[in-house]
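Biologist: I'm new to reading protein models. Could you walk me through one, feature by feature?

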Amino acid sequence: MFKQPIFGLNGLAAIALLCAACGYVQAQGAEAPTLTVIKDSAKKDLVSLAGLSASGQDGQLFVETLRRNLELSGWFKVAPQGASGAVTVSGAAAGTGNGVQSNCRVAWQGKSFAWARASLGKAEVRRQAQELADEMVRQIKGEKGIATSRITFVNRKGSNNAELYVCDADGQGMMQVTRDGVAIVGPRWAPNKKDILYTSFIKGYPTVQMHTVGGTRRTIASFKGLNTGGAVSPDGKRVALVLSFEGNPELYILDYATSRVSRMTNTPHGVEASPCWSPDGRSIVYVSDQSRSPQLYLLDVASRQSKRLTYKGSENVNPDWSETGKITYATRRGAGYQIAVMDARAGSDAASEVLANAPPNCEHPSWAPDSRHIVCSSGATLYMLDTLGDPAVRLINIAGNWISPDWSK
């Protein structure tokens, strides 16, 4: 264990960039507004639930959870009570007093599939409905569903007090993970969808922790100086980190098997933050202020060569990579932050798009596993954005300062 370090100028700069990248401070300055792209919403299939009977509180919970998650998928619209639809769900969701027994049939265009499950407890009732919603997305639309995925985020209670939380994709089922009473920032899911990495001041200085939801916690990085930016590679064998034990905060990769750290950047006049792996594990997008303002850079892991990605906007932070190769990030253009998307294959932000359907001052975007939706924070709460044009959906209506979301992939 290392004793609490005394931070020098570079260390203080690193903490400032870390806080900015994680949405803890609001940047100043402005530039001319940018062109935004407005898209039509994706075509939706009308779903009738008129033939699905619900008995008991758990049966009603099953139907309401199914309804909400079908609509949040972006591919369906639930028909008004009694109306017909191109897709029909019939059968029964019978509450048992401690769960639900469902026996359903989903039909569309001459096709159908049966669904029969038994669940105990409120959480499992919701889970069963979420699984049905995802199965409908898969079979009817040929797309990946998001209902069974989860979102982790932070409730910031003060400048030095924040806690880690998890909720379902529809904003329900919220669970508090930590109760440390210290500052934490930058949570990210590991690929196993069970572990969350985040930066915590639980030792009095920034360390990277890994917390298994509902289980134990262990320290991943506690080197002398700054430890932050924990992001697990897609194969689960490596962790990208920002460390300062050699002096200036730089980007490193930690190998789980050997515990060896390899330095990836050398920016004596810059500070790195917020690394995120590409889906194939060959590249990392990260934030650096080596150009005097926070911008996105792309690292080729094999060669350790980096190139700048963003030039539009006075600041570009919070990158997240979709499974289809697109990068979303928060860009400061005009009076506040907006959510932008670029195709990483283009190698720059020349053709980047700013989402017009996002609330003002959005930060820390993260892709859903369908590579269509994005969760972000705005106005101390979380919103789901649709890159195909549907209106933004507020996910959390509970009082708090909800920031820094990350969607499990």
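**Reading a helix and two spaces**

Modeller: Sure, and keep in mind that this model is predicted. Let's start where a helix stops: right after α3 comes G142, whose phi is positive, near 70 degrees.

Biologist: How many residues does α3 have, and how far does it reach?

Modeller: Helix α3 covers residues 122–141, so count 20 residues by the definition of a run. From the first C-alpha to the last, α3 reaches 28 Å, close to the 28 Å expected at 1.5 Å a residue.

Biologist: Which residues of α3 are buried?

Modeller: First the general idea: an α-helix has 3.6 residues a turn, so residues three or four places apart point the same way. Here, the buried ones include V125, A129, L132, M136 and I140. A133, D134 and V137 are buried too.

Biologist: What about empty space inside?

Modeller: Searching the whole structure turns up three cavities of 30 Å³ or more. The second largest holds about 60 Å³ of space, and its lining includes N69, L72, A133, D134, V137 and D170. With three residues, α3 gives the most to that lining. The lining splits into six nonpolar, three polar and two charged residues.

Biologist: And which residues are closest to the centre of the largest pocket?

Modeller: That pocket has about 390 Å³ of space. Of its 21 lining residues, P191, V232, P234, W277 and K409 are the closest to the centre. Strands β10, β14, β18, β22 and β30 each supply at least two residues of the lining. By class, you'd find 11 nonpolar, four polar and six charged residues there.

Key. Residues numbered from 1 in each chain as written. Predicted model: local features only at pLDDT ≥ 70, side-chain atom pairs only at ≥ 80, totals over all residues. Heavy atoms only, no water. Helix = DSSP H or I, 4+ residues; strand = E, 2+ residues; numbered from the N terminus. Expected span 1.5 Å × (residues − 1). Buried < 20%, exposed > 50% of the residue type's maximum accessible area, 1.4 Å probe, protein only. 1 Å grid on protein atoms, 1.4 Å probe; cavity = no way out; pocket = protein on both sides within 12 Å on 5 of 7 lines; lining within 4 Å. Points joined across faces, edges and corners; volume = space filled by probe spheres on them. Nonpolar A, V, L, I, M, F, W, Y, C, P; charged D, E, K, R; others polar.
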